[in-house]
Number of protein chains: 2
Amino acid sequence: LQDVQIPKSPLVLKALGSFFVGGETEEQTTIELGVGLPGHRTVNQMYVQFMLPNGKNRVPVVLVHGGTLTGKVFETQPDGRMGWAEYFVRKGYPVYLPEQVSRGRSGFNHAIYNNVRAGIVAPNFQPNIIILSGEQAWTHFRFGPLPGVPFADTQFPVEAISQFSKQAIPDLNPSLPVPNPNFQRLSDLALEVKGAVVVGHSESGRYPLEAALVNPEGTKGLIVMEPGNCDGYTDSQVASLAEIPILIVWGDHIDTPGSILAHGPAAFAGCLDFIARIQAEGGNARMLHLPDELGPGNSHMMMTDKNSDQVADLLISWIEENVPPQGKGNPHN
Amino acid sequence: LQDVQIPKSPLVLKALGSFFVGGETEEQTTIELGVGLPGHRTVNQMYVQFMLPNGKNRVPVVLVHGGTLTGKVFETQPDGRMGWAEYFVRKGYPVYLPEQVSRGRSGFNHAIYNNVRAGIVAPNFQPNIIILSGEQAWTHFRFGPLPGVPFADTQFPVEAISQFSKQAIPDLNPSLPVPNPNFQRLSDLALEVKGAVVVGHSESGRYPLEAALVNPEGTKGLIVMEPGNCDGYTDSQVASLAEIPILIVWGDHIDTPGSILAHGPAAFAGCLDFIARIQAEGGNARMLHLPDELGPGNSHMMMTDKNSDQVADLLISWIEENVPPQGKGNPHN
């Protein structure tokens with residue numbers, strides 16, 4: 001059994017639980033459903049876990065996981081330390097952990113897989129399902145220069161790599177419709193809790209920006225951690241985004257070879273350009289390059305690194321300095 | 001946004017979080033992984049959420065969800081009431097919520113789906129993926145005699161059916177190896193927490209029995225809620241199971257037509273026969289038929305019904321009367 005560290009003081013919560021945001025009803029055949037009578041099922045719903053601090057009233061924080069991961073990445077760490085969800089709620093922030101539509105407890109729309117099975121749809125139309133090998137994750141997430149070889153200064157708890165590998169589950173985002181339903185869901189969630197800081201990471205790194213572009217009313221702060229890139233926004237979109245405080249976060253060892261996706265020097269430079277565009281519109285955006293603040297060694301998985309509490313503290317300081325306190329009326333508060 | 005009822009008193013926990021039980025490393029090709037370099041990934045791990053009460057030390061309770069569902073079914077109810085996970089922990093029980101291997105946050109082994117996509121495996125070898133239509137669930141879960149028509153006395157919160165339908169996600173159990181890895185995982189979990197009451201439901205109804213047959217050392221009590229059936233155990237298996245207290249639980253309206261799976265009169269009668277076999281071996285087993293205790297109207301989803309607190313109280317009374325208090329040494333306590 002994994003080591004789980006018991007905190008020194010109990011956790012006191014006003015409430016905890018889960019709910020769903022959105023979802024559409026779709027009619028499916030018995031073949032598509034795989035069992036029973038044909039009829040309606042729900043697709044594209046978003047599962048959201050939440051914890052509310054007792055007697056505090058700070059701005060809600062929405063923590064969105066990256067590719068192949070789930071909300072689990074913000075729970076107990078692979079080496080048993082406290083995850084960001086509990087850390088933020090202990091600091092007085094209502095915490096919302098969505099599961100991306102098509103992942104984990106949000107489910108996915110499996111109709112096409114069963115249609116392929118039945119010979120109704122050709123196999124090559126079946127959406128790809130993805131997961132990184134442990135070897136690939138090692139360099140891609142910048143734990144070290146070669147699979148199994150850590151950087152001397154890495155902050156990632158490499159001794160717990162086997163526990164971390166269990167968090168990785170099949171990523172069905174290639175099966176999602178366009179536009180990605182997660183953008184609307186996150187926008188709706190932020191609005192329903194009467195304003196939230198939305199935090200994205202890696203695959204979901206740009207989701208806070210995209211949610212704000214759907215509707216900026218609920219997104220009070222946008223934290224963009226190592227997105228694939230910051231490219232492609234129109235001048236009009238940049239003008240909209242300049243209305244909201246934006247923090248972009250990057251770890252160390254950006255030039256590690258072996259990254260199959262783009263969190264490297266080109267992405268970093270492109271996000272600096274994006275920041276300059278926001279600033280030129282009078283907006284409030286800046287880069288938090290973790291080595292500048294915490295010293296060397298943070299990986300792509302900064303919420304899992306051994307100094308994850310200090311990374312969280314930097315985010316919290318930024319929120320306190322840049323995001324107005326919570327508006328009234330969060331129905332969960 | 002779903003209605004969420006805020007409890008009158010705060011929830012005080014010694015700890016909460018999640019971890020994994022088991023999992024095997026498997027080598028997969030780039031086609032199977034769907035992206036990046038070939039290498040190793042983890043399969044058959046079981047995600048487990050937990051909450052530990054503050055300052056209490058009762059026997060841990062493991063709550064296992066049924067088909068197409070996840071641990072979510074024990075969290076906030078579709079109509080916003082408190083779920084069983086919080087209810088049990090507020091009564092002083094450490095609560096463990098596993099996600100069945102191949103479901104939700106436990107992930108699944110998608111290699112064969114990508115091999116079919118690539119034309120390497122024939123489509124008909126691709127495991128079926130299942131979910132019930134809302135119409136099918138209505139009669140199968142015995143909310144009423146016809147889809148959309150509730151029993152006059154139903155305890156299911158039918159006004160929240162659209163929220164309940166969002167809990168249903170694709171069930172990939174047909175993709176699991178034999179024997180079902182969930183049996184070993186639950187046995188290991190119960191052993192690692194130094195003894196637990198294991199509660200199964202519907203698809204997982206027999207899992208407590210199966211976990212005890214893998215290794216009876218950790219399973220201190222077995223609660224079997226509306227399994228498909230209780231058939232097929234050998235005399236030797238019955239003799240083993242007779243060493244552990246067993247409670248079988250059934251709801252009302254057992255003879256509802258339209259159930260595609262077997263939770264009906266034949267299953268109920270077969271489980272009474274099983275109880276008689278256990279008793280003949282000197283064991284402690286009994287049937288808790290909910291209408292006898294709580295009046296009419298409980299559905300197949302007794303943990304979601306409007307009287308779910310009262311159903312939980314019946315389980316808690318049974319645990320207190322039949323299961324020894326927790327042994328020492330739960331590493332999470």
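In the predicted model, Arg142(A) is placed in the loop that runs between α4 (134-140) and α5 of chain A. Although Arg142(A) is not a glycine, its phi is positive, at about 60°.

A second loop of chain A, the one between α5 (161-166) and α6, holds Pro179(A). The peptide bond that joins Val178(A) to Pro179(A) is cis, with an omega of about 0°. In chain B, Pro179(B) lies in the loop between α5 (161-166) and α6 (181-192). There too the bond is cis: omega is near 0° for the peptide bond from Val178(B) to Pro179(B).

The packing of helices α6 and α7 was examined in each chain. Two packed helices are described by the angle between their axes and by the distance between those axes. In chain A, helix α6 (residues 181-192) packs on helix α7 (residues 207-214) at an angle of about 70°, and the two axes are 8 Å apart. Angles of 65 to 115 degrees count as roughly perpendicular, so α6(A) is roughly perpendicular to α7(A). On the side of α6(A), the contact is made by Asn182(A), Phe183(A), Gln184(A), Leu186(A) and Ser187(A). On the side of α7(A), Tyr207(A), Glu210(A), Ala211(A) and Val214(A) take part. By class, the residues of this contact of α6(A) with α7(A) are five nonpolar, three polar and one charged.

For chain B, the axes of α6(B) and helix α7 (residues 207-214) cross at roughly 70° and come within 8 Å. This angle makes α6(B) roughly perpendicular to α7(B). The residues of α6(B) that meet α7(B) are Asn182(B), Phe183(B), Gln184(B), Leu186(B) and Ser187(B). Their partners in α7(B) are Tyr207(B), Glu210(B), Ala211(B) and Val214(B). The contact of α6(B) with α7(B) divides into five nonpolar, three polar and one charged residues.

The arrangement of the two chains was considered next. Two copies of a chain are related by a rotation about an axis and a shift along it. Here, a turn of 180° with a shift of 0.0 Å along the axis lays chain A on chain B, with an RMSD of 0.0 Å. This is the relation of a two-fold axis. The residue of chain A that comes closest to the rotation axis is Gly104(A), with its C-alpha at 1.9 Å. Of the interface residues of chain A, 100% are also interface residues in chain B, so the copies meet through the same surface.

A search for enclosed space gave one cavity of 30 Å³ or more. The largest cavity contains about 110 Å³ of space. Its lining consists of 16 residues, and those closest to its centre are Gly104(A), Phe108(A), Leu172(A), Gly104(B) and Phe108(B). Gly104(A), listed here by the cavity centre, is also the residue of chain A that comes closest to the rotation axis. By class, the lining of the largest cavity is made up of eight nonpolar, six polar and two charged residues.

Methods:
Residues numbered from 1 in each chain as written. Chains lettered and ligands numbered in written order. Predicted model: local features only at pLDDT ≥ 70, side-chain atom pairs only at ≥ 80, totals over all residues. Heavy atoms only, no water. Axes fitted to C-alpha atoms, helices over the stretch in contact; angles between N-to-C directions. Helix = DSSP H or I, 4+ residues; strand = E, 2+ residues; numbered from the N terminus. Parallel < 35°, antiparallel > 145°, perpendicular 65-115°, else oblique. Contact = heavy atoms within 4.5 Å. Nonpolar A, V, L, I, M, F, W, Y, C, P; charged D, E, K, R; others polar. Least-squares fit on C-alpha atoms with pLDDT ≥ 70 in both. 1 Å grid on protein atoms, 1.4 Å probe; cavity = no way out; pocket = protein on both sides within 12 Å on 5 of 7 lines; lining within 4 Å. Points joined across faces, edges and corners; volume = space filled by probe spheres on them.
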